[in-house]
Protein chains: 2
Amino acid sequence: MMRADAQRNRARVLEAAEVVLTRDGLDASMREIAEVAGVGVGTIYRQFPTKETLYQAIVLDRMRRLADRADELATADDPGTAFFTYFTAVVEDSTVKKVLVDALASVGIDAKAGAPDIRGAIEVLLVRAQATGAVRGDVEMEVLLALLSATCLAAQHNTWDEELRTRTLAVVFDGLRPAHAPSE
Amino acid sequence: MMRADAQRNRARVLEAAEVVLTRDGLDASMREIAEVAGVGVGTIYRQFPTKETLYQAIVLDRMRRLADRADELATADDPGTAFFTYFTAVVEDSTVKKVLVDALASVGIDAKAGAPDIRGAIEVLLVRAQATGAVRGDVEMEVLLALLSATCLAAQHNTWDEELRTRTLAVVFDGLRPAHAPSE
DNA sequence: GTCGAACCGGAACGATCATTCCGATTCTAG
DNA sequence: CTAGAATCGGAATGATCGTTCCGGTTCGAC
């Protein structure tokens with residue numbers, strides 16, 4: 001059983017790490033995280049043996065939320081809308097969250113053990129949207145992830161404003177739709 | 001007039017910097033560049049007062065080539081093909097070249113003084129392609145740059161193979177084409 | 001060929017970072 | 001309440017980085 005103060009500090013560290021890593025990405029220093037959390041650096045290292053461990057804890061948490069969001073939308077009435085809503089939501093998030101982007105970018109390559117199955121969750125959205133003809137049938141998961149990763153990376157790197165995001169995604173979405181069913 | 005050995009070393013440094021920065025991005029250390037160039041670090045600093053100066057020299061050179069390439073294609077017989085060829089070529093390059101990506105990503109924001117006018121060069125390709133109906137008329141430069149930057153970033157970050165690149169770009173290109181003119 | 005100026009290499013400096021370590025403090029079982 | 005174990009904070013460590021500095025070397029005008 002963990003001591004009460006240790007447990008409270010662990011929560012503080014996670015909270016601070018989320019804020020700082022989200023703002024500064026992997027460049028954030030442990031000193032700053034410790035400062036924001038109001039603890040010493042040693043305290044962080046007792047819970048997370050290395051910077052990468054802490055980083056992964058945050059990323060895994062975000063991945064979990066991402067997967068949950070996808071699961072929610074998997075049962076929506078209109079799979080087409082659900083699909084595009086999800087895509088938009090993920091990109092919107094990544095405008096602000098640097099860590100999330102790195103998480104997304106790595107999904108395509110290695111789905112680490114223990115990680116929530118975002119890939120699977122997104123695939124459900126894709127297949128359902130394809131079944132109703134909202135998305136072209138020949139779009140593969142690899143391609144979808146590439147597009148999602150691309151838009152997230154750019155949105156975060158260049159901090160797109162809302163209008164640019166909407167317009168840019170409109171083009172991508174048109175590319176994803178069957179040729180005979182343009183945006184409107 | 002610069003001494004002969006100084007001039008030769010300057011060339012060596014630029015060559016080495018291109019190789020190393022291209023491979024490792026901004027994280028590359030001056031020590032390594034010096035080592036690859038076969039000179040001491042001091043020699044680099046005599047020509048380029050700061051790391052950023054050296055970095056910018058490389059980036060500007062790349063931007064120049066990018067702009068030149070666009071200018072070349074600006075007089076092509078088929079503007080539509082020229083446009084999509086250029087887009088593909090840029091993304092292809094960025095699979096390997098990290099610096100190029102950062103250059104691209106910053107074009108949208110601040111066109112620094114002295115920088116070649118890539119934006120203008122690309123705009124020519126866009127307008128010409130739109131005039132022949134190969135690209136939708138309502139696609140703005142901002143959106144195009146966002147898409148270009150997005151695909152470059154993702155291609156570099158995840159090292160797309162050729163097939164994934166082709167398939168992904170096919171979707172984006174379909175989104176850029178008028179609704180009544182699907183891929184083929 | 002000579003000699004001063006320009007240039008060279010790489011050691012040295014100061015800053016920053018991840019990580020370790022330890023004396024002081026705080027928690028909790030009994 | 002108390003003892004001792006777990007935890008704490010933050011100074012110390014060692015590595016790496018960008019940048020500066022300087023004794024030695026090389027170039028080239030005369």
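In this predicted model, helix H5 (residues 79-94) of chain B packs against helix H8 (residues 141-158) of chain B at an angle of about 35°, and their axes are 8 Å apart. Helices here are DSSP runs of H or I with at least four residues, numbered from the N terminus. The axes are lines fitted to C-alpha atoms over the stretch in contact, with angles between N-to-C directions running from 0 to 180 degrees. The crossing of H5(B) and H8(B) is right-handed, that is, the near helix is turned clockwise from the far one by less than a right angle. On the H5(B) side, the contact (heavy atoms within 4.5 Å) is made by Phe83(B), Phe87(B), Val90(B), Val91(B) and Ser94(B). H8(B) answers with Leu144(B), Leu147(B), Leu148(B), Thr151(B), Cys152(B), Ala155(B) and Gln156(B). Sorted by class, this contact has nine nonpolar residues, three polar and no charged. In this sorting, Ala, Val, Leu, Ile, Met, Phe, Trp, Tyr, Cys and Pro count as nonpolar, Asp, Glu, Lys and Arg as charged, and the others, Gly among them, as polar.

A word on conventions: residues are numbered from 1 along each chain as its sequence is written, while chains are lettered from A and ligands numbered from 1 in the order in which they are written. Local features need pLDDT of at least 70 and side-chain atom pairs count only at pLDDT 80 or more, whereas totals for chains, interfaces and linings use all residues; side-chain values use heavy atoms, with hydrogens and water left out.

Next, the two protein chains. A turn of 180° with a shift of 0.1 Å along the axis lays chain B on chain A with an RMSD of 0.1 Å, the copies being superposed by least squares on the C-alpha atoms of residues with pLDDT of at least 70 in both. That is the relation of a two-fold axis. Within chain B, Gly175(B) has the C-alpha nearest the axis, 1.8 Å from it. Both copies use the same surface, as 100% of the contact residues of chain B recur in chain A.

Now for the DNA. Strand C is surrounded by 23 residues (each with a heavy atom within 4 Å of the strand), and the closest are Thr50(A), Lys51(A), Arg3(B), Asn9(B) and Thr43(B). Of the atoms of strand C that come within 4 Å of the protein, 63% belong to sugar and phosphate. A base nitrogen of strand C lies 2.8 Å from a polar side-chain atom of Arg3(B). Phosphate oxygens of strand C come up too: one is 2.6 Å from a side-chain N or O atom of Asn9(B), and one is 2.2 Å from a side-chain N or O atom of Thr43(B). H3(B) gives the largest share of the surface near strand C, four residues. That surface comprises eight nonpolar, seven polar and eight charged residues.

Strand D also has 23 residues around it, the closest being Arg3(A), Asn9(A), Thr43(A), Thr50(B) and Lys51(B). Sugar and phosphate make up 57% of the strand D atoms within 4 Å of the protein. Asn9(A) has a polar side-chain atom 2.5 Å from a phosphate oxygen of strand D. From chain B, a side-chain N or O atom of Thr50(B) is 2.6 Å from a phosphate oxygen of strand D, and for Lys51(B) the distance is 2.3 Å. H3(A) supplies the largest share of the surface near strand D, four residues. By class, the surface near strand D has eight nonpolar, seven polar and eight charged residues.

How values were computed. Helix = DSSP H or I, 4+ residues; strand = E, 2+ residues; numbered from the N terminus. Polar contact = N/O pair within 3.5 Å; in protein donor to acceptor, adjacent residues only side chain to side chain.
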